[in-house]
Amino acid sequence: MKKIIFLVVLFYAMTFGQGWNSTVTTTISESTLQKMDQFTNKNGNHLLIKKSNGNIVYYNLNSQGTVDNNKTATLESNGDFPTITGNNDIVYAFYKAGSYIKLKYTTNGGTSWTYNSNLDLSIGSNECNGVDAVYELVQGVHLVWATKDSEPYFETYYYRLTPYPNPSWADYKNVTDYTGFQYGSRPTVAFSDNRVHVSFGPVSGLAVGDVSTRDRYNGSWQTPQNASGSDYSSVEKLITSGNYIYMIYSQSVPPSYFDLAYKVRTLSGTWSSGSGTDIVTNIIGTEYTFDICKTYDNKLQLVYEINDGQYQDLLHRSYDGSWSSTFTVDNNQYFAGNPKGISSTSNDFFVIWKRQSSNSLFYRQYDNYPLAPQNLSVTSRDFGQWSHPVLAWSFNNEPDVFIYIYGYEVQRRTRTVPGNFGNWSTIAYTRGDVNSYNDYDIIIEGTGTIYQAEYRIRAIDVGNKASGWSSTVSIYFGQFGKMNNGMQRFEYQLSQNHPNPFNPATTIEYSVGSTGLVTLKVYDMLGTEVASLVNEHKEAGSYSVEFNAADLPSGIYFYTLTSGNFMETKKLILLK
């Protein structure tokens, strides 16, 4: 009975667990931090900051909050308004430097950056008080900024950067060129289907004032409209979700405090003329009071700081038609308007902030289960004299899957044609940064009996949270095994251990296709090596080895065979 309960607990943990991970004190120490922006994709959390000396510095943190020091880079020595955005494979870093908005981009997760001076965007020498950018898969990057072109008034401008690999500037527009809306500062930008949405604040860059928005629909700029109604805002952010656009803003409440409020309209509609709806009262009314993002399930995710009467708390709420209850991300601290941010990918989101009492940046992840892998396909490919099925799929855009050494589980079931399929069985695990698998167990060629194999995969993150299964794909084949004209031909293959579950010993069988160094190692759930079963040169052939786990606790383990370019991983279960 204890063994059954143990297996149920393991299944539940892998399938249903979700929630906030513990707070991480990162190794990033920035005593002179002034501004910050962040973006997340499968390669981690990309953080762009501005120091008080004007340095624009890039950091990369994985999903566990660990900083990759090899990727830390100073992108500019005298810049302002750091803005970072991108998609699964490319990250764009924008910032103001002198009389230009400059761009550097990376296609390898921050390992190296590309700079093309031809993409420097001249904005003149007048004062700038805001830069914002958002990436859209089809259109590219939508960029907005504001400069004081007629004292004391700011104007807001828009440009679109066409998508990589041939980026260039297009569709320039002075957004505030409409009578009655000639001026505007501190712009933000969002997008929806066929639309770009731009907000711009007080005309002279004052601390508080009216907020207006203007949409670009199918390439044509629409009539601007007042968004704040009877409210004054100190800072606002636009975000779209489904068929709606939201403006989250710090609402000025005289004489000296702010509420956090929001307004909503349909994508093609108009803003109401009255006050917004309060989310919370008594926030700190600065540029970095709050930040917002959207997860894959179209929920808004909001973090904000608030006075609790004695200290300040950093809180989180989500919105999907109504606001959730609050979750305390950090409390009993002083944040004093220090930069904080939230970013998302899939249904995970990530918060980074700075306390007044520390030079360190702090990090916390809301760890939801991964999304099911997409675009699974199977084809036949020749490997020497044989043809085998090759699976391929799109990477999950989730950093806690991408770094996991067992990020994808591959299952197969087969049948004789005609006939019924057998049960699903796990045939391999691949790393999260690998999106293909060669099934050497099956030979496509053959005569006589016809078989069919069906495959599916799922993603697993470092917290051992599993996605649902992908859609299935299938292929017809002629035979199992590695036999040809009575002569055995060895292929690389790792078999499932037997028995499984086991206590305390099990047998692992494998074969190697050519002479070379072979390693067979066992790892725990965290990827820590717990046993090295084979580490020597082997001739081509089939082998077996016993794994005795008498000194290990019950649990799920993984074993990996590596030889040359071949690597395969399978799971085993120790039950005591």
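Buried denotes a relative accessible area under 20%, exposed over 50%, and partly exposed anything in between, computed with a 1.4 Å probe on protein chains only. By this criterion Ser212, at 8% relative accessibility, counts as buried.

The structure is a predicted model, in which local features need pLDDT of at least 70 and side-chain atom pairs count only at pLDDT 80 or more, while totals for chains, interfaces and linings use all residues. Residues are numbered from 1 along each chain as its sequence is written, and side-chain values use heavy atoms, with hydrogens and water left out.

**Two buried strand residues**

Ser212 lies in strand S18 (residues 212–217); strands here are DSSP runs (E, at least two residues), numbered from the N terminus. With contact taken as heavy atoms within 4.5 Å, and residues up to four places away in sequence not counted, Ser212 touches Phe181, Val198, Ser199, Phe200, Gln225, Asn226 and Ala227.

Phe547 belongs to strand S47 and is likewise buried, with a relative accessible area of 3%. Leaving aside residues up to four places away in sequence, its contacts include Phe502, Pro504, Ala505, Ile508, Val522, Leu552 and Leu572. Leu533 is also among the residues that Phe547 touches; the C-alpha atoms of these two residues, 14 residues apart along the chain, are separated by 7.1 Å.

**Sheets and strand pairing**

Two strands are said to pair if DSSP finds at least two bridges between them. Strand S47 takes part in an open sheet of three strands, ordered S43-S44-S47 with antiparallel pairing. S43 and S47 (541–548) stand at the edges with a single partner strand each, so one side of each has no neighbour in the sheet.

A second open sheet, of four strands, has the order S12-S13-S14-S15 and antiparallel pairing. Its edge strands are S12 (128–136) and S15 (169–174), each of which pairs on one side only. The twist averages 20 degrees from one strand to the next, where axes are lines fitted to C-alpha atoms and angles run from 0 to 180 degrees between N-to-C directions.

Three antiparallel pairs are set out below.

| Strand pair | Bridges | Opposed residues |
|---|---|---|
| S43 and S44 (residues 505–512) | two | Gln493 and Ser511 |
| S14 (residues 153–161) and S15 | four | Tyr157 and Asn174 |
| S45 (residues 516–523) and S46 (residues 529–538) | eight | Val518 and Glu536 |

The hairpin of S45 and S46 has five residues between the strands, and Gly527 there takes a positive phi near 85 degrees.

**The internal cavity**

A cavity is a set of points on a 1 Å grid over the protein atoms alone where a 1.4 Å probe fits but cannot get out, and its lining residues have an atom within 4 Å of a point. Grid points are joined across faces, edges and corners, and a volume is the space filled by probe spheres set on the points. The count comes to one cavity of 30 Å³ or more, and the largest cavity has a volume of about 40 Å³.

Its lining consists of Tyr437, Asn438, Asp439, Tyr440, Asp441, Tyr492, Gln493, Leu494 and Glu568. The elements that give two or more residues to this lining are strand S36 (436–438) and strand S43 (493–494). By class, the lining has four nonpolar, two polar and three charged residues; Ala, Val, Leu, Ile, Met, Phe, Trp, Tyr, Cys and Pro count as nonpolar, Asp, Glu, Lys and Arg as charged, and the others, Gly among them, as polar. Gln493 thus links two parts of this account: this residue lines the largest cavity and stands opposite Ser511 in S44.

Definitions and conventions. 1 Å grid on protein atoms, 1.4 Å probe; cavity = no way out; pocket = protein on both sides within 12 Å on 5 of 7 lines; lining within 4 Å.
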